[in-house]
Amino acid sequence: MSEVAPKLLPAQKIDYVVSQLDLSPTLYRLTGLTPVYTAFGRDMFDASVERVALVSEGNNMGSVTQHGAIRHTGKQLLSVQPYQTDFDVSAAENLLLSLDKTAYVLLKNNR
């Protein structure tokens, strides 16, 4: 990044999960706009929020956090890959299903 815009954005290393959903909120912040912006992603440079990357595999979905990853059909858990011993599978599953439901309702209502 420092080669592209060294005076605008200093080079830095990010050592946490980010996803393509984080691009829009990051670019939005970099424009300097201040109105409230709602998105599934989070500003990539904001290390203060819990990070989750959502993935889609056809009809299946998944999430990746610093603690671990899960894959799900929407009805049953397919796989669990813990990265840390404190990975709470139940909480990860609830978060994934909640985000999926939220996305469904927002898209259904054209929001």
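1. A residue is called buried when its relative accessible area is under 20%, exposed when that value is over 50%, and partly exposed in between. By that scale R29, at 38% relative accessibility, counts as partly exposed. The structure discussed in this note is a predicted model, and the points below should be read with that in mind.

2. R29 has a charged partner, since its side chain and that of D43 meet in a salt bridge with a nitrogen-to-oxygen distance of 2.2 Å. R29 belongs to helix α1 whereas D43 sits in the loop between α1 and β1, so this pair ties together parts that are 14 residues apart in sequence. Unlike the partly exposed R29, D43 has a relative accessibility of 14% and therefore counts as buried, the limit being under 20%.

3. The structure holds 3 salt bridges, and another of them joins the side chains of D22 and R51, at 3.3 Å from N to O. Because D22 lies in the segment before α1 (23–30) and R51 in the loop between α1 and β1 (53–57), the pair ties together parts that are 29 residues apart in sequence. Both partners fall under the 20% limit for a buried residue: D22 is at 3% relative accessibility, and R51 is at 7%.

4. A further salt bridge is formed by R71 and E57, whose closest N and O atoms are 2.7 Å apart. Here the partners come from two strands, R71 from β3 (residues 68–72) and E57 from β1, so the pair ties together parts that are 14 residues apart in sequence. R71 is partly exposed, with a relative accessible area of 32%, and E57 likewise counts as partly exposed, at 38% relative accessibility.

5. Turning to the nonpolar residues, the largest nonpolar core has 6 members, namely L54, M61, I70, F87, A92 and L96. In soluble globular proteins, nonpolar side chains tend to be buried together. Within this core, A92 may be worth viewing in the model: when its neighbours within four places in sequence are left aside, A92 is in contact with S63, I70 and F87, and I70 and F87 are themselves members of the core.

6. Which residues make the nonpolar surface patch of about 210 Å²? The patch is made by L21, F40 and L106. Of these, F40 is placed in the loop between α1 and β1, the loop that also holds D43 and R51. F40 counts as partly exposed because its relative accessibility is 34%, which lies between the 20% and 50% limits.

Methods: Residues numbered from 1 in each chain as written. Predicted model: local features only at pLDDT ≥ 70, side-chain atom pairs only at ≥ 80, totals over all residues. Heavy atoms only, no water. Core = buried A, V, L, I, M, F, W, Y, C linked by side-chain atoms within 4.5 Å. Buried < 20%, exposed > 50% of the residue type's maximum accessible area, 1.4 Å probe, protein only. Contact = heavy atoms within 4.5 Å. Salt bridge = Lys/Arg side-chain N within 4 Å of Asp/Glu carboxyl O. Helix = DSSP H or I, 4+ residues; strand = E, 2+ residues; numbered from the N terminus. Patch = residues over 30% accessible without salt bridge, like charges linked within 9 Å, V, L, I, M, F, W, Y side chains within 5 Å. Areas by Shrake-Rupley, 256 points an atom, 1.4 Å probe, with all protein chains shown as cover.
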